[in-house]
Each structure stands twice: as C-alpha cells, then as structure tokens.
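Q: Hi! I've just opened this one and could use a friendly tour. Can you help me find my way around?

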Amino acid sequence: LLEFSGDDDFYNGGSFYTNSTDLGRLCSISFQVDVYCPPRKRTRISAPFHFGEAEVEQNKQPSIDVLPDECLVEIFKRISRGKERSSCACVSKHWLMLLTSIRKGEYESSKVVKENVGSNSGDVEMILSEEDDGYLTRCLEGKKATDMRLAAVAVGTSGHGGLGKLSIRGSSSSRGVTNFGLSAVARGCPSLKVLSLWNVPRVGDEGLCEIAKECHLLEKLDLCQCPHLSNKGLIAIAANCPNLTALSIQSCPKIGNEGLQAIGKLCPKLQSISIKDCPLVGDHGVSSLLSSASSVLSKVKLQGLSITDFSLAVIGHYGKSVTNLMLSGLQNVSEKGFWVMGNAQGLQKLVSFTIASCWGVTDVSLEAIGKGCANLKQMYLRRCCFVSGDGLVAFAKSAGSLECLQLEECNRVTQSGVIGVLSNCGLKSLTLVKCMGIKDISLEAPLSSSCNSLKSLSIRNCPGFGTASLAMVGRLCPQLQHVDLSGLCGITDAGLLPLLENCEAGLVKVNLSGCLNLTDEVVLHLTKLHGATLELLSLNGCRRITDASLAAVAENCVFLSDLDVSRCAITDVGIAALSHAEQLNLQVLSFSGCSGVSNKSMTFLKKLGKTLVGLNLQHCNSISTQTIELLVESLWRCDILF
C-alpha cells in the first residue's frame, strides 16, 4: 500500500465481504484490525487466485441449463405467447428440440383468467393469446428442406396465424427431411390443412402417422416419390382426417389397394383423387375408392396403373358425380372397358374427359363414350393411334354438348375427318397438334354446312395441313376470333387470305409463328380487315416479314397490346414507324434475334416504352451494352430481356 495516490479512506474493522464464504480468502486478518482499503480503485488481477481448499468455482454456464429437460419442458409449457416461444427457440438447438416435443394443446390456454390479488376491487385480467387458424404457407425446397428448418417453422408459425399449408419439394439425402421433422410439424401445427411431400426419400410411415394423429383438419394431401410410405401411413390418414377432400399419390411403390380402400371408406368428403405410377394399385383399390366415395367424388386421374376393364366399368357405373376424368397409360384396358364405361350411363355429369396413350380407345368405344356422356363439353385425345377420322365424326355426332376438341398425335385422323367434325357439331374450339395423318387435298364437292359456333382454331406442327385445308376451314368457320397456325411451314399467302377474308366477327388473337412462307401481304390484309379488333399478333420466325408489316400495324391497329416480330427482317425504320402510332398501346413487344435493330432505335424504344411492361431484345447483336443499360435505366417500369 506504499506510495498509493488515491482517496485516503480507512474502513473500520469488520468484514467487507457480504458473503461469509469469501472470508477464507483473508483468513490471516483479524476482524478487529483496521484495514486501509480504497473503495473505488482496485488492483487488476491478471491470473486466478487460489486460496487453498476454500476455493469457490464460478460456473460460467447459465444456471437454467443446469435444470433437467423435464423441468425446461414444464417451463416452456407455461409460455402462452408464440412470440416468446420463438425467442426461446433462438437460444439453442437444444431448446428448439425441446419446444418441438411439446404439442400445441399442452401450452397455456388461449384465454387465461388471472385474479389480481393485489387489488381490493377484485378485478379480473383477461390475457388473450394468438389464434392459430392456419393462414400461413411455407415451402421448403432442395437443401433448405431439413429437420431443423421444419422445427423452426413449427415453433415460429404457432403465434402468427398458424401454419395452414406446407410444401416440401426435394431434400438432401444426407441431412434432408426425416420423420423427426414431420413429427415436429405435426405436434406444433395442428391447424395444417394442406401437405405436399415431393421427393422426400427419408420420410416414412412414422412421420405420416404423426401428421394423421395431430392434424385432424387436413384437407389436401400430395405424395410424390416417397418410397418409404406405405398403406400404414395412408390408413392412418383415413382414420384420423375425415375432412380430406383431395388426395394425390405419384410414384409411391409401397402404397397399394389397402390404403385406397381405407380412404374410400373413411373419407366421405373426398372430391379429388389422382394416382400415378403406383405398381401395387389395382382394380380392388380403384373400384373400392370409386364405389365408396362416389357421392361427392368429382375429379379422377388415373395414370400408369395396372388396372383392367373392371375398373373402367366401375367408373362408368358409380361415377355419378364425376365432372373431370383423366385416363393415361392404361395398357391393360381394352376396347371393351371403354365401351362398357360409356354404355353404363353413369357419367352423366362428366364435363371434361382426357384420354392419353390408351390402346383400348377405338372408333367403337369412342362413339359409346359420346353417347353415354350427355353433358361432355371438353374432349382431349392424345396418342390414341386407333382413332380414325370416321370414328371422330361419329363421336362428334353422338356428343351433342361437345364444345372443345383437342387431338394430339392422333395420326389416323385425316383431313376429311376434321372437316366432318366441323360440319356436324357445335364446336367452339378445335386444336390439332402433330397429327401427321392430315394431307392437304382439295375437295371438289361443296361443303354441306358451316360451323358458325367455332371461335378458336389451333393447328400446330401439322406439316400436312396446307393451303387447301386452310381455305376449306376458312369457308366453314366464319366466326373465328382466335387463330393459331404456328409451325405450319406449308401455308402461303394464297391459303391464308381466304380465311382472313371470311372471318366476319373480327380476329382478336393471331399466332403465325414459324410460318416461313408468309410475307408482308398477309400482315397488310390482316391489319386492314381486323385492325379494329386485333389484340395479339405473333410473327416469330417469319423471316420474310419486313418493316412494311410494322408500318401497316402502326397505321391500322387500335387495340394491339402484344406484338412479336422476333427473327424477322425488321430494322430501325420499322421501329420508328411503330413509335409514331399515337393510337397504339403496346404492352409486350419482342424483337429477339432481329439483327437489323441497332442503337439508332433507342429513341423510338423509349417512346414505345411509356406503355410497355415487357420488352425482349435478346440476340439483337447490333445493340450495344451501353444502349441496353440506358434503356433499363429509362424504362424502369418495363421488364427488359437482353
């Protein structure tokens, strides 16, 4: 204490340690000796002192972590507000795991009544906690889909409206989602109504059973590529989730007939079922599902299953509420199955029917379907190689309510079949895609009648559909408004002009992408005849279209909002003419691959950009990067692709 330069204060004898356990540190000093001790300045200690056996070890770990997990869980159960529980979950992974082990119903009640003991008036204090009604949606994809994130979602959403929809799409094979993460969601989110599991190979029946046990409000379940899910998990869902309205199962090799039978028996509200590529699903599962849940079941999709004619007979007899039906890749179903389904007369409410890659669809079975489905409005046939033009005409005659017909890769359908369909039914929309059996033949016989009801015609990538076919369709369908002829390399100006001239209602949308032989003459006639109604025009890949077409558009089109002249012979002159059209209100404009467009068009593009929301300048090699940057800065409201 020599040479001390501080406050010269003396403390009288007595202990300056408030804790008696610290007295051992000065065992050689008597209690009655006056000690010189400055209260404000202390000697810095750079090393720990050891005072023999009376050393007191200070525990740096927080004292609450000394408690066993059972005590921590009881403490957490008494945290009624979700915000505070989220804060606790952020402390450590250990606390997060403990919180996820607590079921939602084990927390404090949403309404807690406390009597104010300190008040003589006996007032009652009401503390309201957040209600969990399932308003929130969460989607975890790829590497983000882990058990820890699911645990955080389970705890974090409980006080902010509750989790209503959860989607997990893909997960890591090493640290992806397992039964633990799904169980955490089940315990913490009883408000869950929609669950989608895609490509989660580490999730099994244990996790799905936990969902079934806790989430009784579940309405929609989507399972895709879940190899470890079996009938056990599906039976648990059926037994505990009576509100299930939609079920989709795809590529789940362990799910079979037993699970579907339970769903059909115990889920009376089921409205939609989709099953694809499940090898264990057969006639017993599908027939039980359809016969049990037929009262409200309205949407049915069966793809890539080993079912036979028996299942289709059940659908035709019990599907009294089915409005949308899709059958794809049913290799074991014969012509008899489709014929019986149509003649069973049970699909009276069927509105939309899609058949793809089913060898049993023939002219005979297709006509039976048309007769048995009185209210059928939309028919889609894809890769039905045994359906011919004659069968198509017979079907069109028998299906009196048919409005929309789409044929894709039906190579036995001919030109006469298409003309026959248009002449014998009140179609509103006709779509032909890659139908290689159509040949361009001029018919000498006059057309019997016209199809005034057809509003939309789409013929895409049918190389045999040429000038003669187009001219006949133009004479048959005078009320066309939407025309899509993309990929028809064989049509010319001479074939398209009659169609344009016969359209009395006024064309609204025209897609001529890939029609290589069309010239400016077509665009000139199109804009003069239909410029007052035209809203969309696509000339993508029409390499003979030049600036003259843009000048015609600028002069005649009033309501055009979408223009695509990608890979055309367009230059700066055409864009200048387009920009001077005061009546135009373009919103989407594409010049992709137009090498004639250069930096000189920047001023014109800025003027057009006042109304644009989308501009495509990709592969315009004559436009510099600096010009693009200036356009991006100037047209900040427009999405520019470059």
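Q: Leaving aside its neighbours within four places in sequence, which residues is Leu 578 in contact with?
A: Happy to help, and note that this is a predicted model. Beyond those sequence neighbours, Leu 578 touches Leu 550, Val 553, Ala 554, Leu 563, Leu 584, Leu 586, Leu 589, Phe 591 and Leu 608.

Q: And which residues have the most contacts inside the largest nonpolar core?
A: Those are Leu 578 and Phe 591, in a core of 163 residues. At least three residues of this core come from each of domain 1 (316-438) and domain 2 (473-641).

Q: What does the second, separate core include?
A: That one has eight residues, among them Val 73, Ile 79, Trp 95 and Leu 98.

Q: Switching topic: at what angle do helices α16 and α17 pack?
A: About 0°, with the axes of α16 (residues 493-502) and α17 (residues 520-530) 10 Å apart. Because angles under 35 degrees count as roughly parallel, α16 is roughly parallel to α17.

Q: Which residues of α16 make that contact?
A: Asp 493, Leu 496, Leu 497, Leu 500 and Glu 501, and they meet α17 residues including Val 522, His 525 and Leu 529. The contact residues of the two helices are six nonpolar, two polar and three charged.

Q: One more: where is Ile 255, in which loop?
A: Ile 255 sits between β9 (246-250) and α8 (257-266).

Q: Is Ile 255 buried or exposed?
A: Buried, because its relative accessibility is 1%. Leaving aside neighbours within four places in sequence, the contacts of Ile 255 include Leu 223, Leu 234, Ile 249 and Val 281.

Technical notes:
Residues numbered from 1 in each chain as written. Predicted model: local features only at pLDDT ≥ 70, side-chain atom pairs only at ≥ 80, totals over all residues. Heavy atoms only, no water. Axes fitted to C-alpha atoms, helices over the stretch in contact; angles between N-to-C directions. Helix = DSSP H or I, 4+ residues; strand = E, 2+ residues; numbered from the N terminus. Parallel < 35°, antiparallel > 145°, perpendicular 65-115°, else oblique. Contact = heavy atoms within 4.5 Å. Nonpolar A, V, L, I, M, F, W, Y, C, P; charged D, E, K, R; others polar. Buried < 20%, exposed > 50% of the residue type's maximum accessible area, 1.4 Å probe, protein only. Core = buried A, V, L, I, M, F, W, Y, C linked by side-chain atoms within 4.5 Å. Domains from an automatic or database assignment.
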